[in-house]
Structure formats: structure tokens, C-alpha cells
Amino acid sequence: MKYLLSAVLLMTLSTAMLAQETSELSLPPNGDNERSEVSQWIGPVKISIDYHSPHVHNPATNDRTGHIWGELVHYGFFDEGFGPTKAAPWRAGANESTSITLSNDVKIEGKDLKAGTYALFLDVEEKGRWYWVVSSHVGWGSYQYDPKYDVLRLPVTPQDAPFTEFLTYGFDERKPDSAIAFLQWEKKRIPLKIEVPNVNDLYVAKLRQQLESWPGFRYEDWQTAAQFCADNKINLEEALTWADKVIAGPFRGATIGHEDFSTLQTKASVLTAMGRDADADAVMQKALRLPGTDAYSVYAYGMGLLHGGKNAKALEIFTLNKQQHPDEKFWTYLGLARGYTATGDKKSAITNWETVLRNVPSNLSNRTPAFEAALKKLKETT
């Protein structure tokens with residue numbers, strides 16, 4: 001009897017150990033519903049969706065087209081007869097729970113959602129809107145779904161879509177601060193809008209952090225950070241400090257600041273964004289007259305003024321460029337041609353366009369037709 005009990009115990013332990021071992025083996029997923037993952041960055045924010053992907057033809061001879069929504073995928077909350085829940089939404093995939101992971105706080109369908117990992121369910125309705133259900137309890141599938149863990153219930157309108165064999169998640173309508181996540185399967189597409197309304201604040205925070213590490217030893221990185229703030233009119237007081245450090249600050253013995261046309265222009269950009277136009281103009285006057293400032297840089301600055309509607313000011317800059325670079329035959333005359341055109345001095349514009357056309361560099365010859373067209377238009381209206 002003693003040996004019989006020992007044998008039974010050994011068999012029991014062996015079976016348990018075997019079960020544990022086989023549960024850790026890599027085997028095909030149930031129903032061949034392969035595991036998938038898709039990720040998308042919105043600015044510095046990463047969004048990942050992890051799911052198992054069923055297919056319409058399973059097996060290949062079994063065409064379930066027209067029998068997915070409301071049949072294979074049940075309407076509403078349903079008792080699947082397994083696990084503790086008696087009213088579960090669809091797991092929005094197959095096998096394990098579909099999950100969504102957010103590296104930072106976001107807005108999802110206009111509602112705030114904290115960074116983290118959540119289960120993603122879908123309440124599929126026969127009529128009217130469907131509902132994404134975001135749950136803080138990931139669990140396994142929807143068998144352990146409990147409404148007390150619901151973080152959000154988000155109404156969306158399902159859309160007709162081209163036939164898709166495999167259930168697929170993706171992202172489209174991607175913008176600097178938002179994207180549309182979507183589930184597409186059979187002939188339906190269900191969207192989910194995700195927004196990062198403070199995306200530039202997140203960029204600034206990351207820039208600030210990076211400048212305190214290895215990138216902070218290069219003055220060019222401080223300039224990039226200051227220019228980003230100027231371009232986006234954000235964090236301007238600190239950006240001005242960064243811009244000054246670019247020009248004059250020591251970088252802990254690794255290098256020193258660098259005063260040239262580019263770094264001074266960045267400081268002027270910050271000042272302009274702050275509404276300090278007179279201070280910005282004083283900085284640019286210094287930049288324009290620095291030894292080593294090339295003709296193209298001055299031309300590009302003048303074109304920026306021209307695009308901003310400051311035609312007279314732009315013509316002053318183009319005139320200064322010619323004075324400072326009397327031997328340069330293309331960028332200086334191109335600036336004057338554009339400046340005189342903008343201010344309505346057609347005679348002077350024509351003279352300068354003709355000089356431009358005689359001096360087009362070989363690497364810019366593809367722009368010659370546009371220059372010829374500008375000259376022709378002026379002559380026709382003179």
C-alpha cells in the first residue's frame with residue numbers, strides 16, 4: 001500500500017511538472033490566431049497595441065464572410081460560460097486580452113488617459129454606436145472582465161471598409177500631435193482617436209533632460225533646442241538663456257560658445273517670438289555685419305522678411321548683401337531681383353534678373369526656367 005501511494009504521488013507530481021513545462025513551450029496559438037503588435041509614435045509618445053489576430057477563413061475552406069459581426073463576434077455583453085464574468089464585451093481580438101500601452105498621458109476620443117497598460121475591449125452593438133472599453137485589469141481574454149475596472153467607455157461609429165482577411169490594428173491620419181488607431185477586420189473598421197495635446201511641452205522636457213547629459217557638451221545642441229522653442233513659441237525665457245549660452249557660454253571645458261550668423265539668428269528668433277522686435281533687429285544687424293557671414297545666409301534672411309510681408313526691409317537687406325559681397329554674382333543679384341519685384345520697381349528688377357540669368361551656378365541650373373519666367377512676366381507688364 002505504501003508503494004502504491006508513492007507511485008500515485010510520483011505520477012501526480014510528474015503530471016503537474018509536465019503541465020508546467022508544456023505551458024512554457026512555444027506552440028502554435030489556439031486557432032492559429034497569431035500574436036501581433038503594432039506601435040506608433042506621436043511626437044515623443046509611444047503607443048503599442050498587442051493582440052492576437054483571427055482570420056475570416058478558418059480553416060481555409062470555411063468562409064465566414066458575413067458571419068463575423070453579431071455571430072462570431074457577439075453583440076453587447078455576453079455570458080461566454082467560462083470564467084467568473086457573466087457579461088463580457090468582445091476582447092477585440094482572439095485568445096488573450098488585447099492590450100494598449102501608452103508611454104505618456106494622452107487623450108483618447110477626447111478623454112484623459114494616464115500612461116500605462118490597459119486591456120482594450122469592444123462593445124459591438126447591432127444598431128447605433130459601438131463602444132471601446134478601456135480597463136485597468138488586463139486579465140486573460142474577456143473571461144475575467146469586471147466593469148469595476150473600467151477606466152473609459154468611448155462611443156465610436158463603425159465604418160465600412162475593404163475586405164480584410166486578418167484582424168489588423170493600425171494607425172493612420174498621423175499628425176504631429178495625434179493619430180487614429182483602428183481595428184479593421186472582414187468589412188468593418190473601428191477608429192480610436194489618440195491625441196497628445198501637450199506634445200511640444202514633452203519635447204521641451206526631453207530636450208532639457210538631454211542637454212544635461214552628453215549632448216549638452218555641444219553648443220550646436222543648445223542652439224537646436226533654442227530654435228525649436230522659438231519656432232513653436234514655447235518656453236521662451238529658458239530658450240533665451242540657451243541661446244545666450246550658445247553664443248558665449250563655456251560648455252564645462254569641452255568646447256565654448258560660438259558667435260556667428262547662425263547662432264545670432266537663433267537668438268534673434270527667440271527674441272522675435274517673445275515680441276522683442278527691436279532687440280531682435282539689433283542682434284541681426286550685428287549678425288549681418290560679422291566677418292565671415294556669407295552671401296547666401298544674408299539672402300536667406302532677406303527672403304524670410306520677404307515671405308513675412310516686410311518688402312522694404314527685405315530690400316534693405318538685399319542691398320546690404322551686395323555692398324558686403326561686391327564680387328558675388330548670383331545670390332546678391334537674386335535677392336535684389338526679388339526685392340525690387342516685391343516693391344514694384346520693375347526696371348531695377350528686370351536689370352537684376354538679367355544678371356541672375358547670366359550667373360546661375362551649374363548645380364542650380366534646374367531653376368533657370370523659373371527665373372526666365374519671372375523675367376518674362378515683368379517684361380510683359382512693363
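A salt bridge is taken here as a side-chain nitrogen of Lys or Arg lying within 4 Å of a carboxyl oxygen of Asp or Glu. The structure is a predicted model, in which local features need pLDDT of at least 70 and side-chain atom pairs count only at pLDDT 80 or more, whereas totals for chains, interfaces and linings use all residues. Residues are numbered from 1 along each chain as its sequence is written, and side-chain values use heavy atoms, with hydrogens and water left out.

Side chains of opposite charge can pair when their charged atoms come close. A search of the whole structure finds 16 salt bridges, among them one in which the side chains of Lys313 and Asp281 meet at 3.4 Å, N to O. Because Lys313 belongs to helix 8 (residues 311–324) and Asp281 to helix 6 (residues 277–288), this pair ties together parts that are 32 residues apart in sequence; helices (H or I, at least four residues) and strands (E, at least two) are DSSP runs, numbered from the N terminus. Lys313 has a relative accessibility of 24% and therefore counts as partly exposed, and Asp281, with a value of 30%, also counts as partly exposed; the classes are buried for under 20% relative accessible area, exposed for over 50%, and partly exposed in between, computed with a 1.4 Å probe on protein chains only.

Two helices are likewise joined by the side chains of Lys267 and Asp244, which form a salt bridge of 2.8 Å, N to O. This pair links distant parts of the chain, with Lys267 in helix 5 (residues 261–273) and Asp244 in helix 4 (residues 236–248), 23 residues apart. Asp244 counts as partly exposed, because its relative accessibility is 33%.

Between strands, the side chains of Arg35 and Asp50 meet in a salt bridge of 2.9 Å, N to O. Arg35 is part of strand 1 (residues 34–42) and Asp50 of strand 2 (residues 45–53), so that distant parts of the chain, 15 residues apart, are linked by the pair. Arg35 counts as exposed at 56% relative accessibility, whereas Asp50 counts as buried at 16%. Elsewhere, Arg218, Glu220 and Asp221 are linked in a network of salt bridges.

A further side-chain interaction involves Ser297, a residue of helix 7 (residues 295–307), which counts as buried because its relative accessibility is 17%. The side chain of Ser297 makes a polar contact with the side chain of Asp294 at 2.9 Å, where a polar contact denotes a pair of N or O atoms within 3.5 Å; within protein, one must be able to donate a hydrogen and the other to accept it, and residues adjacent in sequence count only if both atoms are side-chain atoms.
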